[in-house]
Amino acid sequence: MNDKKDTPPVDMESEASLWAARLDGTQLTLGQRRELDRWLEEDPRHRKLLERYCRLSADIEPVARAAVQAGRLSVPAGEAPRAGWLHWAPWTVAATAVAAIALWAWWPANPTWQDAKFATAAAQRQDVRLSDGSRVELNAGSSLVLEEGRTERRTRLASGEAFFSVARDGERPFLVETPAGVIRVTGTSFNVSVDHGRAIEVTVVEGSVQVSPGGANRPPVSLKGGDRLVSTPAKVTVSKLEPEEQERVLSWRTGRIVFSDTSLSEALARFSKYHGRSIVAEASVADLKVGGRFSLDDLEGFLSSLETILSVKVTRDLGGTIHVGLRP
């Protein structure tokens, strides 16, 4: 019998199935190969899961082929099979999907109903209302998966930022899984920001949460209203936020951004992340300080304000990158 405590997290299963499909169906780019190497090094369970999915994919491939021939499974239109099953991406993906379903059914904590996915583009925010009364506000460039089950409510924030207002349910904890840690609550309001999948920032507005930072030998950390946790590959820090600082963190929910003695490079990085644009501060102006409230959606207005407030000049190159340098 499988012991539940040894069961890999769902996101680990999903990543393993996707890598198995990529390995079987396509030739990895150099960047993908490096990404795969990093993922394998993060946790010894990754390699075992990948091996299992590759093996299941190969075992189930004939089953998937028969299912397609019988009309029970479809592949993308216009795709033609190449010689050899292991080199035909659609079949491989289909087989891996079947493998994923098989492992999903095997997993004892299997959520059974209402799954949904949400993703926001650059300069876009979204308000998601859940059937249990909870609410999730997504910032730009965010990706969220919801899985509501009988025993727990599970979400996966793969990237971006989200504010959670969780309806209280003592029977079903609410989990937020990120590449850099897991947050567990029963009913509260908090903000989660994921930075390149390697760091998370958790800010609690009310109630309490328990954060399990990623990485070896990192114990769970309990947070309450006004606390902020920042977890990076190097360390975990917890601090108490003043009301003004908390307002700054949460200002994106109202389409605003607040700077207070903020370096120009950091301010530009915030706009760059929100708009999905490349914005660069030259070294000569990177440490200049910026203060004030600005509209997140009005990038041009912010850049114009910089030229008014500071001795800087904004230029754009042919590739679309915005440069902020010292005014001549």
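Reader: Where does Asp261 lie?

Author: Happy to start there, with a note that this is a predicted model, in which local features need pLDDT of at least 70, side-chain atom pairs count only at pLDDT 80 or more, and totals for chains, interfaces and linings use all residues. Residues are numbered from 1 along each chain as its sequence is written, and side-chain values use heavy atoms, leaving out hydrogens and water. Helices (H or I, at least four residues) and strands (E, at least two) are DSSP runs, numbered from the N terminus. On that count, Asp261 lies in strand S14.

Reader: Is Asp261 buried or exposed?

Author: Buried means under 20% relative accessible area, exposed over 50%, and partly exposed in between, with a 1.4 Å probe and protein chains only. Asp261 has a positive phi of about 55° although it is not a glycine. Because its relative accessible area is 56%, Asp261 is exposed.

Reader: Ala123 has a positive phi too; which exposure class does Ala123 count as?

Author: Most residues other than glycine have a negative phi. Phi of Ala123 is near 60°, and the residue sits in the loop between strand S1 (113-119) and strand S2 (126-129). Because its relative accessibility is 34%, Ala123 counts as partly exposed.

Reader: Which residues does Thr151 touch, not counting those up to four places away in sequence?

Author: Thr151 is in the loop between strand S4 (143-148) and strand S5 (153-165), and at 51% relative accessibility it counts as exposed. Its C-alpha atom is separated by 5.1 Å from that of Arg172, 21 residues apart along the chain. With contact meaning heavy atoms within 4.5 Å, Thr151 touches Glu171, Arg172 and Pro173.

Reader: Which element gives the largest share of the lining of the second largest pocket?

Author: A pocket here is an open set of points on a 1 Å grid over the protein atoms alone, where a 1.4 Å probe fits, with protein on both sides within 12 Å along at least five of seven lines; lining residues have an atom within 4 Å of a point. The second largest pocket holds about 720 Å³ of space, and of its 28 lining residues the closest to its centre are Glu161, Ser193, Asp195, Arg270 and Lys273. At least two lining residues each come from S5, strand S8 (189-195), strand S9 (199-206), strand S12 (227-231), helix H5 (243-250) and helix H6 (264-275). The largest share, five residues, comes from H6.

Reader: What do the buried residues of H5 pack against?

Author: The buried residues of H5 are Gln246, Arg248, Val249 and Leu250. They pack against S5, S8, S9, S12, strand S14 (256-263) and H6.

Reader: In the sheet S15-S18-S17, which residue of S18 is the bridge partner of Arg316?

Author: Two strands pair if DSSP finds at least two bridges between them. This open sheet has three strands with mixed pairing, and its edge strands are strand S15 (279-281) and strand S17 (312-316). Five bridges join S17 to strand S18 (residues 322-326), and the two run antiparallel. The partner of Arg316 in S18 is Ile322.

Reader: What angle does the direction of H6 make with that of S15?

Author: Axes are lines fitted to C-alpha atoms, for helices over the stretch in contact, and angles run from 0 to 180 degrees between N-to-C directions. H6 packs on the sheet and touches S15, S17 and S18. Its direction and that of S15 make about 175°.

How values were computed: Points joined across faces, edges and corners; volume = space filled by probe spheres on them.
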